[in-house]
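Work through the exercises below with the structure open beside you. Try each task before reading its solution.

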Amino acid sequence: RLGARVRLFGEYYDPFQIGLGGYIWLPTATDNDFIGSGVRGQAQVLIGGRVDRFIYTVMVGPEFRQPQTLGNVTLGHQFDWGAGVGVLLGDKRQFQIGLESTGGVTLTDANVRSTNAEALAGLKYRIISPSEIGAGVGPGFTSGVGTPDVRAVFNLFYTPEPEKPDQDSDGDGIFDKVDACPH
């Protein structure tokens, strides 16, 4: 899977950000019995933000793929979604507890076997900036192809965090950290 995202509005620490993203999956299997055997692509609209210790994100977008029949289930173009919320804990906000949900529904023959929905509850810990480690576990809610009964994940992240920009609360041209009267 190859992907890219671009932020259109908002900065890293802002309470509201919007962006666009996309992925392309390149096949590694040649047998049509595998769900990942064809090229597919996805466009995304992303909305998210950070308010003090609270973070959130929402993603929606179409996924384009050649129709493929697995057993008696036909999968084709679909509409995907995802959402997550989290809380940053610790003096340096190095712990994160979160909940996320993802899903998708085939547009051509929507039914219980072509609809995916699942959730994950997870933890992350910033070991040494910019390295994080995390784990999550959660159930699948539908019987759609590819939906697990239970999914467990373990992650290693490289997540550089930009420094928070200097602030000038009273607008006098002197940053708060060196202003004798910041307000």
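**Exercise 1: An aromatic pair**

Phe54 is partly exposed, with 38% relative accessible area. The model is a predicted one.

Task: Decide whether the rings of Phe54 and Tyr56 are stacked or edge-to-face.

Solution. Step 1: rings pair if their centres lie within 6.5 Å. The ring centres of Phe54 and Tyr56 are 6.2 Å apart. Step 2: planes under 30 degrees apart count as stacked. The two planes meet at 20°, so Phe54 and Tyr56 form a stacked pair. Step 3: look at the partner's surroundings. Tyr56 is partly exposed, at 24% relative accessible area.

**Exercise 2: A pair across the chain**

Task: Classify the ring pair of Phe95 and Tyr125, and find which strands hold the two residues.

Solution. Step 1: the ring centres of Phe95 and Tyr125 are 4.8 Å apart. Step 2: their planes stand at 35°, so the pair is tilted. Step 3: Phe95 lies in strand β8 and Tyr125 in strand β9. With their positions 30 residues apart in sequence, the pair links distant parts of the chain. Step 4: buried means under 20% relative accessible area and exposed means over 50%. Phe95 has 40% and is therefore partly exposed. Tyr125, at 32%, is partly exposed. By the ring-pair rule the count comes to five aromatic pairs.

**Exercise 3: Backbone in the loops**

Task: State what is notable about phi at Asp52 and where this residue lies.

Solution. Step 1: Asp52 has a positive phi of about 55° although it is not a glycine. Step 2: Asp52 sits in the loop between β3 (40-51) and β4 (54-65). Step 3: its relative accessibility is 52%, so Asp52 counts as exposed.

Task: Do the steps again for Arg93, and decide where it is found and how its accessibility is classed.

Solution. Step 1: Arg93, not a glycine, has a positive phi of about 55°. Step 2: the loop between β7 (78-89) and β8 (95-106) holds Arg93. Step 3: Arg93 counts as partly exposed because its relative accessibility is 28%.

Task: Is the peptide bond from Ser129 to Pro130 cis or trans?

Solution. Step 1: omega for this bond is near 10°. Step 2: the bond from Ser129 to Pro130 is cis. Step 3: Pro130 is in the loop between β9 (115-128) and β10 (131-139).

**Exercise 4: The whole chain**

Task: How many helices and strands does the chain have?

Solution. The chain has zero helices and eleven strands. From the N terminus on, its elements run β-β-β-β-β-β-β-β-β-β-β.

Task: Compare the radius of gyration of the chain with that of a compact globule of 183 residues.

Solution. Step 1: such a globule would have a radius of gyration near 16 Å. Step 2: the chain has 20 Å. Step 3: set this beside the dimensions of the C-alpha trace, which spans about 70 × 30 × 25 Å along its principal axes.

Task: What percentage of the 183 residues counts as buried?

Solution. Step 1: under the 20% cut-off, 29% of the residues count as buried. Step 2: turn to the surface. The accessible surface of the chain is about 11800 Å², and 61% of that belongs to carbon and sulfur atoms.

Task: How far apart are the mean positions of the positive and negative charges?

Solution. The chain has 15 positive and 21 negative charges. Their mean positions are 5 Å apart.

Methods:
Residues numbered from 1 in each chain as written. Predicted model: local features only at pLDDT ≥ 70, side-chain atom pairs only at ≥ 80, totals over all residues. Heavy atoms only, no water. Helix = DSSP H or I, 4+ residues; strand = E, 2+ residues; numbered from the N terminus. Buried < 20%, exposed > 50% of the residue type's maximum accessible area, 1.4 Å probe, protein only. Rg over C-alpha atoms; globule rule 2.2 N^0.38 Å. Areas by Shrake-Rupley, 256 points an atom, 1.4 Å probe, with all protein chains shown as cover. Lys, Arg positive; Asp, Glu negative; His and termini not counted. Charge placed at Lys NZ, Arg CZ, Asp CG, Glu CD. Phe/Tyr/Trp six-rings, centres within 6.5 Å; stacked < 30°, edge-to-face > 60°.
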